[in-house]
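Here is a short round of questions on how the terms used for a model are justified. Each reply sets a value against its cut-off.

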Amino acid sequence: MKVLVTGGTGYIGSHNCIDLLNCGHDVVVADNLSNSKIDVIDRVKEITGKSVSFYKIDIMDKGGLENIFRQHDVDAVIHFAGLKAVGESVTVPLRYYHNNITGSIILFKLMQKYHVKKMIFSSSATVYSTSDKVPYTEDTNLGATNPYGRTKLMIEEILRDYYASDKSNSIAILRYFNPVGAHPSGLIGEDPNGIPNNLLPYVSMVAAGKLPELSVYGNDYNTPDGTGIRDYIHVTDLSDGHIKALDKISEDPGLYIYNLGTGKGYSVLEVVRAFESASNRKINYKIVDRRPGDSAISYADPTKAKTELNWEAKRSLEKMCEDAWRWQQNNSK
Ligand code: NAD
Ligand code: UFG
């Protein structure tokens, strides 16, 4: 299949390009490099021995994007492109709504025009209402609490309406839990701009001595050690979920929603200890106030993806930390 990967030089997209190429698919990447680097394309080639066609374009540039559909007979789109920083989305909401929603609509309209029916969309566990009980199933009530999360919810709604209007489409909405880790080669990983917001990249930089200490956001939650619990999933397992979802929407057209998580939650302090063990470094931390908007516990019920996609996450927290640490060391040269 020829697969257009939007956001393909980003963290998750780059891992997925590797898997798509390894499965024998042709890959076309569209990315504006707003949160990634062009070197990724060479690294994907180094890992797979295969090339992707790369276009540095913004998906809001309709002409540029249409050019790709004219030049390539695209069979399926995996739509990763989007802005993803929760805190930033509160500060510059219009940028988030414009980039994520307008960009998606332009993409979907071109898919419609060029009769591209198969699509996978990157959604997030952030769409679940945090007042509901864990684990979150796909039927848990929805309710995002910040502009970023609302862009994901709105795009999900747009896809539901689009599918209802034309059931020859075949769409998988994948709700990711907390993607972490890196490719085992150490060549591809998460490369956030500036000081990271997310736990694993922050811990990794403390271990590397680039940041002095981790602030643990609260130890008074109703959890065994008082710190927040999340469902961390290795980015390679997450990517594999997309390959399985692509098979599903190709074989059995429909509109599907799947959680991609491990079903197991770890606390902040458990992650710190796992990273200390993987890196053999001490992670200094201090307990500070809770971060506004954080929930105590979030983890997936991944049963639906296991039953319908024959997919489950295989890699342990230890492996996630080992691979993140290898990437951190390679990347800090
Ligand atoms: P990322 O920032 O590493 O990758 C996104 C890529 O999209 C970047 O390379 C960026 O340059 C590109 N991009 C952004 N806007 C664009 C535009 N208008 N036109 C072209 N390219 C554009 O992020 P990621 O972690 O790889 O996330 C991929 C997707 O998964 C995003 O949609 C994100 O919201 C979603 N997601 C991520 C997480 C997470 O924790 N990483 C969790 C849930 C969902
Ligand atoms: N945490 C700290 N210190 C830090 C960073 C995080 O204690 O410096 C804690 C948080 O309070 C939370 C846990 O570590 O308990 C995980 O926090 P992250 O910021 O890594 O992840 P979140 O669960 O808050 O959110 C992430 C993405 C969202 C996405 C969500 C679900 O940032 O975009 O996972 O996929 F929606």
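A polar contact is a pair of N or O atoms within 3.5 Å; within protein, one must be able to donate a hydrogen and the other to accept it, and residues adjacent in sequence count only if both atoms are side-chain atoms. This is a predicted model: local features need pLDDT of at least 70, side-chain atom pairs count only at pLDDT 80 or more, and totals for chains, interfaces and linings use all residues. Residues are numbered from 1 along each chain as its sequence is written, chains are lettered from A and ligands numbered from 1 in the order in which they are written, and side-chain values use heavy atoms, with hydrogens and water left out.

Q: What makes the pair between Asp 58 and ligand 1 a polar contact?
A: A side-chain N or O atom of Asp 58 lies 3.0 Å from a nitrogen atom of ligand 1. The limit is 3.5 Å, so the pair counts.

Q: Which atom of Lys 152 lies 2.8 Å from an oxygen atom of ligand 1?
A: A polar side-chain atom of Lys 152. For Tyr 11, a backbone N or O atom is 2.8 Å from a ligand 1 oxygen.

Q: Why do Ile 12 and Asp 31 count as near ligand 1?
A: Near means a heavy atom within 4 Å. Ile 12 and Asp 31 are among the closest of the 26 residues that surround ligand 1, so both qualify.

Q: Why is Val 27 called buried?
A: Val 27 belongs to the largest nonpolar core, of 35 residues. Such a core joins buried Ala, Val, Leu, Ile, Met, Phe, Trp, Tyr and Cys residues through side-chain atoms within 4.5 Å. Buried means under 20% relative accessible area (exposed over 50%, partly exposed in between; 1.4 Å probe, protein chains only). Val 27 therefore falls under 20%.
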